[in-house]
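Reader: I am new to this structure. Please show me how to read its features, one at a time.

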Amino acid sequence: MGEVDKSGSCAIVALVIDDMCYIANTGDSRALLSADGGKHVITLSNDHKPTDDIEVERILRNEGRIYQNTSVISSMGQSQVVLGPHRVFPGRLSVCRTFGDIEAKREKFGGNPNVVIAVPDIKEFIIDEKMDFLLLGCKYFF
């Protein structure tokens, strides 16, 4: 048997059928809608972060943990505590919904299938003439 792929990702998808638009989001990707020539910007997705009240409750109810790493930086006799992003355990991820990430989800790799989940949030709306364009995006770090 080959090596297990431990990668994972977040996603945002738009599906348009006739005058209906469906947005499905898992993770921290974003969907924005411009309307009225850019006078209005409508947020169509929510990040799945371990600081969101609904996600915190779900993670803790399913025996997951949320933590934050700290570092102490010393310079010229002074120390400063630096806090990292909130993370979910198992998985050590800064998002709490992804696809993939087998180490966070499969028990045989130390994961919990109910803590980091792949279930997307889905929003739907009717497209009308006031809407200019839809923007889908994500953060990517090298």
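**Reading the salt bridges**

Author: Start with one pair in this predicted model. Asp 121 and Arg 97 form a salt bridge, with their closest N and O atoms 3.7 Å apart. Asp 121 lies in strand S9 and Arg 97 in the loop between S7 and S8, so the pair ties together parts that are 24 residues apart in sequence.

Reader: Are Asp 121 and Arg 97 buried or exposed?

Author: Buried means under 20% relative accessible area. Arg 97 is buried, at 9%. Asp 121 is partly exposed, at 30%.

Reader: Which other residue forms a salt bridge with Arg 97?

Author: Glu 55 does, with the closest N and O atoms 2.9 Å apart. Glu 55 sits in helix H1 and Arg 97 in the loop between strands S7 and S8, so this pair ties together parts 42 residues apart in sequence. Glu 55 is buried, with a relative accessible area of 3%.

Reader: How does Arg 58 fit in, and what is its distance to Glu 55?

Author: Arg 58 forms a salt bridge with Glu 55, at 2.7 Å between the closest N and O atoms. The two are three residues apart in helix H1, so about one helical turn separates them. Glu 55, Arg 58, Arg 97 and Asp 121 are thus linked in a network of salt bridges.

Reader: What is the mean pLDDT of the chain?

Author: Where pLDDT is low, predicted coordinates should not be read in detail. Here the chain mean is 93, and 97% of residues reach 70 or more. Confidence is lowest in strand S6, at a mean of 90, and highest in strand S3, at 98.

Definitions and conventions: Residues are numbered from 1 along each chain as its sequence is written. This is a predicted model: local features need pLDDT of at least 70, side-chain atom pairs count only at pLDDT 80 or more; totals for chains, interfaces and linings use all residues. Side-chain values use heavy atoms; hydrogens and water are left out. pLDDT is the predictor's confidence in each residue, from 0 to 100. Helices (H or I, at least four residues) and strands (E, at least two) are DSSP runs, numbered from the N terminus. A salt bridge is a side-chain nitrogen of Lys or Arg within 4 Å of a carboxyl oxygen of Asp or Glu. Buried means under 20% relative accessible area, exposed over 50%, partly exposed in between (1.4 Å probe, protein chains only).
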